Amino acid sequence: MRVSGTDSAAELASDLAACGRIIRDGSKSFHAASLLLPRDVRAAAYALYAFCRVSDDAVDEGAHPEAALQDVRRRLRLADAGQPDPESVDRAFAWVLRAYGIPFAVPEALVEGFEWDAQGRRFETLEDVKSYAARVASTVGVMMTLVMGVRSPVALARACDLGLAMQLTNIARDIGEDARAGRCYLPTYWLRDAGLTSEDLAALSEADARVRLLTERMLDAARPLYASGISGIALLPEACRPAIRAAAAIYAEIGAEIARAGHDSIARRAVVSKRRKIALAAGSFIPGRPGAANLDAPPAPECQFLIDAVEAAPAPPPILVDAPKAGSAPWAIDLFLRLEQRDLYPGQG
C-alpha cells in the first residue's frame, strides 16, 4: 500500500478500515466477493465503493437531493485537490484518487449519473440509456481497473463494456420496482412501440407479453457487452481475475434467472441463490475459454470520454499486485461456504 510522505500510515489504515465496515454492513454481497481480491486492491476498492455509496445514499435518500448533490460535488473537488473533508470516507477516497492516478472527470461523471437519477431523467434511445450506464457503472469499472494497476485503453474499454452489461441487467431486473418508484430506464421509443407508458408499467401486477418482450430486449442488449467485457479480464493482473470473473458471472446469472422466469420483471425480482453464487465464485478460479469477442474492439461511444480522461492524466508509479498464493481457490470456496452458514451472504444480486 503506497502512502505519501504527508499521509499518516496509521490514520490511513483507520480510514480504510472504516470504509471496509461501511461495505460490510451495507453491501454484504460486494464485501464477500471483494475478499477474492488482493489485499491492497481490496482496501482501495473499499474506499472507492464507500465514497460512492455514501454519496449515492445522500442524494437518493435525503429530503433535498439538489443540496445533497452540491455537497457531494464539493466533497469530490476537495478530495481531488488533496484537501478532503475530515471524514474517514473522504480522506480514504482522496488517497485513492492520488495514489492510483484517477482523473477527476471519472468520479465527476459518476456524480452526474446521480444527478440524472435525482432529476428523474428519461432516455429516448438505447444509446441514451448507455450514456446513463456509462456514468453510474462504467465509471466504477474504470476506477477499479486503475486500482488494479492497469491503464491501457483496451483494458479500460472492456471494463466499460462490463459496466454497461451489468447496468443493463439491473434495468431489466428492476422494471417493475423502478416504475412503482416513479422511475423508468427503458428507452422511451421502445415503450411507444409497445404501446406502453411508465405509468402503465407501475400499474401492472405481473408482466404481460409486451413487458416480457421489452425485458428480453434489454437482456439481449447486455449479452454482447458481457462477452466483450469478460474477454478483457485476461488483461488484468492474475490475482485480480477471479473476483472480476465472479462478479461478471453472478450478474450474468441474474439475466439467466429473469429468462427462466419468463422475463417477468414486474411480479418478481430475480435473485441468484446462495448456493449458485458459491458455485460461480468457485468457478471463477478456472480461466474461461477465449470467446468470440474482439478484444481490441473500440470502446462504446458512450464511454469514450472516460478513456480519454485517463489517457490525458499523468500515470502514477507502477503498482505491483501480489501474485495469488497456492491453494487460494480452496480457501476462497471455504470462505463463501462459511459466509453462507452465517447468513452473511444475501440471496439477491
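**Reading aromatic pairs and a helix packing**

Author: Let's begin with one residue in this predicted model. Tryptophan 95 has a relative accessible area of 2%, so it counts as buried, the cut-off being under 20%.

Reader: Is tyrosine 100 buried or exposed?

Author: Tyrosine 100 is buried too, with 5% relative accessibility.

Reader: How many aromatic pairs does the structure hold?

Author: There are six aromatic pairs in the structure. In one of them, the ring centres of tryptophan 95 and tyrosine 100 are 5.8 Å apart and the planes stand at 85°, so this pair is edge-to-face. Planes over 60 degrees apart earn that label.

Reader: And tyrosine 132 with tyrosine 185: stacked or edge-to-face?

Author: That pair is stacked, with 20° between the planes and 5.1 Å from centre to centre. Tyrosine 132 sits in helix H7, while tyrosine 185 lies in the loop between helix H9 and helix H10, so the pair links distant parts of the chain, 53 residues apart. Both tyrosine 132 and tyrosine 185 are buried. They also belong to one aromatic cluster with Trp116 and Phe123.

Reader: Now the helices, please. What describes two packed helices?

Author: The angle between their axes and the distance between the axes describe the packing. Here, H8 (residues 153-173) and H15 (residues 304-312) pack at about 150°, and their axes are 10 Å apart. Their crossing is right-handed.

Reader: Which residues of H8 and H15 meet?

Author: From H8 come Pro153, Leu156, Ala157 and Cys160, and they meet Leu306, Ile307, Val310 and Glu311 of H15. Of the residues in this contact, seven are nonpolar, one is charged and none is polar.

Notes. Residues are numbered from 1 along each chain as its sequence is written. This is a predicted model: local features need pLDDT of at least 70, side-chain atom pairs count only at pLDDT 80 or more; totals for chains, interfaces and linings use all residues. Side-chain values use heavy atoms; hydrogens and water are left out. Axes are lines fitted to C-alpha atoms, for helices over the stretch in contact, and angles run from 0 to 180 degrees between N-to-C directions. Helices (H or I, at least four residues) and strands (E, at least two) are DSSP runs, numbered from the N terminus. A crossing is left-handed if the near helix is turned anticlockwise from the far one by less than a right angle, and right-handed if clockwise. Contact means heavy atoms within 4.5 Å. Ala, Val, Leu, Ile, Met, Phe, Trp, Tyr, Cys and Pro count as nonpolar, Asp, Glu, Lys and Arg as charged, and the others, Gly among them, as polar. Rings of Phe, Tyr and Trp (its six-membered ring) pair if their centres lie within 6.5 Å; planes under 30 degrees apart count as stacked, over 60 as edge-to-face and the rest as tilted. Buried means under 20% relative accessible area, exposed over 50%, partly exposed in between (1.4 Å probe, protein chains only).
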